Structure formats: structure tokens, C-alpha cells
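Dear colleague,

Please find below the structure that I am handing over to you. A short account of what was found in it follows.

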Amino acid sequence: ALAARNAGALEELARGTEGAIAVPTDITKPVDRTHLVQAAVAAFGGLDVLVNNAGIGSWGHFASSSEAIARQIMEVNFFGPIELTRAALPHLENGNEPCVVNVTSMCGRKGMPAWPEYSASKFALVGMTEAWRGEFARFGVAALTIVPGMTDSGFDKNWIRTDGKADLRFDEGMTPADVAAGIVRALRKNKTETVLGSEARRLLRFNRYFPRLTNWLIARRVARLYAGK
């Protein structure tokens, strides 16, 4: 059951995906979340896996941002996925090796400048997934975390703000197919947390062993980008 706001693109994807149905959905709307779950259950007789992949970003610094932007990002990246999971859980409990997969970000393991709201929303989703892992075990429902790095998905063409400074080369990142394949591998192995992308693995590994140096290098880079401003 494929869900997104763009009904036209969704229908096109469904036509090229064997056995798929398209369910136009705005994950921030309770009625849409309920409809998505009901449509999937009606079409397939139940739920085995829920992949929470919806996301939105804002490329700019906190000092010049706003409460409205922070709330919009949290609605899409955090509240939408967790409430969709709440709606799906009664059906997942009866699924075949059921699992919830939360697609987060390397920013959910290392907060990055110019991504303050995005980082916070992904940190929140990582924390919720870890809590679910303990809670959902009694229902037999697994909870997996996917931590992708830069992906050439068109994400950079739909930011709320675009005034951050840095040379972000999304076109050199992973393809959506790369990420999808990584998610499937994680599901098959029931791997608790999976980091995808070489730059994400390098950054998170370096930060793990040298957190103070990582912070210093990032801060120095930001200071140089904004020198004289």
C-alpha cells in the first residue's frame, strides 16, 4: 500500500509495482492516516510491515527560523509517523513476523547545523523507536531504525527554507533504490539499526570516538561559511 500526497505520481508508481495499491495520504491528517490503514487492511487482509518514510526539511539556521517551521517539521517527521503507527499497531499484532520500520537520518544520530528542526525531529523518532522496541516485544512486533545519509531523492527540491550555506551534493548521494534495498536487507535480517551510505557511516563513526573534535570541526566550518556576516 503506497502512500504519499502526490496522487498522480503515486498512481504511476503503483501501476509499475506488482500487487500495489495507491492511497493518497497526508500523514499529518488523522482522517488520512485512518483511511490508509483501513485501505491496506481491506486490500491485503491485514498488516505485516509499516515503513514510516515521510519527511520534510528546512535548510537554514535556528536563529532566523520560526516556531511555525519547527512545528510543521515535527508534524510531518515525528507526530505523523507515530500516530500512523498507533493506528496500525492493532493490525500489526496479528501480522506475519510484523515490524515497524522508521526511516530516520544521520541527523537523528548527530545534530547538524542548518538542520536544527530536522535533526530534532529525527532524534525524536530514533528515541521513540528505541522505546517501542521494548514495548512492542510483548506483541511480537519488531521496531527497526534506518539511518540514511545523503540521498538523491528530490528532498533538496522541497525544503521549507533554502538559505543555509554549504555545498550539499545530493546528486552524488545514494539513490532511492539503494535505500529501499537497504531497508529490505534490514527487514530480512531483523537488524535493529542500519546506517546507510558511506558518508553517514564515516561521520557517525568519527563522532562516536572523537565527539569533541567533530563538534569543533563543524563549528569551525560554519564560522568560515559565515565570516563577515
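In what follows, a helix is a DSSP run of H or I with at least four residues, and a strand is a run of E with at least two; both are numbered from the N terminus. Please note that this is a predicted model.

**Surface patches**

A patch of positive charge on the surface is made up of Arg185, Lys189, Lys191, Arg201, Arg202 and Arg205. Two helices, helix 5 (176–189) and helix 6 (198–209), supply at least two residues each to this positive patch. Helix 6 provides the largest share, with three residues. Among the members of the patch, Lys189 belongs to helix 5. Lys189 has a relative accessibility of 64% and therefore counts as exposed, the cut-off for exposed being over 50%.

A nonpolar patch also lies on the surface, formed by Phe206, Tyr209, Phe210, Leu213, Trp216 and Leu217, which together have about 610 Å² of accessible area. Helix 6 and helix 7 (211–225) each give at least two residues to the nonpolar patch, and helix 7 contributes the most, with three. Trp216 is found in helix 7. Its relative accessible area is 48%, so Trp216 is partly exposed.

Helix 6 thus supplies residues to the positive patch and to the nonpolar patch. Is Leu203, a further residue to consider, buried or exposed? Leu203 lies in helix 6 and counts as buried, because its relative accessibility is 19% and the buried class covers values under 20%. Along the chain, Leu203 and Ile146 are 57 residues apart, and their C-alpha atoms are separated by 16 Å.

**Salt bridges**

Side chains of opposite charge can pair when their charged atoms come close. How many salt bridges does the structure hold? There are six, and three of these pairs are described here.

The pair Arg86 and Glu83 forms a salt bridge in which the closest N and O atoms are 2.8 Å apart. Both residues sit in helix 3 (residues 67–92), with their positions three residues apart in the numbering, about one turn of the helix. Arg86 is exposed because its relative accessibility is 56%, whereas Glu83, at 23%, counts as partly exposed.

Glu193 and Arg109 are joined through their side chains in a salt bridge of 2.6 Å, N to O. This pair links distant parts of the chain, 84 residues apart: Glu193 is in strand 6 (residues 193–196), and Arg109 is in the loop between strand 4 (99–103) and helix 4 (116–136). Glu193 has a relative accessible area of 25% and is therefore partly exposed. Arg109 likewise counts as partly exposed, at 30% relative accessibility.

Arg161 forms a salt bridge with Asp163, again with a closest N and O separation, here 2.6 Å. Arg161 has a relative accessible area of 10%, so this charged residue is buried. Asp163, in contrast, is partly exposed, with a relative accessible area of 43%. Elsewhere, salt bridges that share partners join Arg109, Glu130 and Glu193 into one network.

**Backbone angles**

Most residues other than glycine have a negative phi. Glu97 is not a glycine, yet has a positive phi of about 45 degrees. This residue is located in the loop between helix 3 and strand 4. Glu97 is exposed, because its relative accessible area is 72%.

Ala114 also carries a positive phi, near 75 degrees, in a residue other than glycine. Its place is in the loop between strand 4 and helix 4. Is Ala114 buried or exposed? With a relative accessibility of 5%, Ala114 counts as buried, whereas Glu97 is exposed.

**Cysteines and disulfides**

A disulfide is a covalent bond between the sulfur atoms of two cysteines. How many disulfides does a search of the whole structure find? The search returns zero. Cys99 is buried because its relative accessibility is 3%. Cys107, at 7% relative accessibility, is buried as well.

With kind regards

Technical notes:
Residues numbered from 1 in each chain as written. Predicted model: local features only at pLDDT ≥ 70, side-chain atom pairs only at ≥ 80, totals over all residues. Heavy atoms only, no water. Patch = residues over 30% accessible without salt bridge, like charges linked within 9 Å, V, L, I, M, F, W, Y side chains within 5 Å. Areas by Shrake-Rupley, 256 points an atom, 1.4 Å probe, with all protein chains shown as cover. Salt bridge = Lys/Arg side-chain N within 4 Å of Asp/Glu carboxyl O. Lys, Arg positive; Asp, Glu negative; His and termini not counted. Charge placed at Lys NZ, Arg CZ, Asp CG, Glu CD. Buried < 20%, exposed > 50% of the residue type's maximum accessible area, 1.4 Å probe, protein only. Disulfide = S-S within 2.5 Å.
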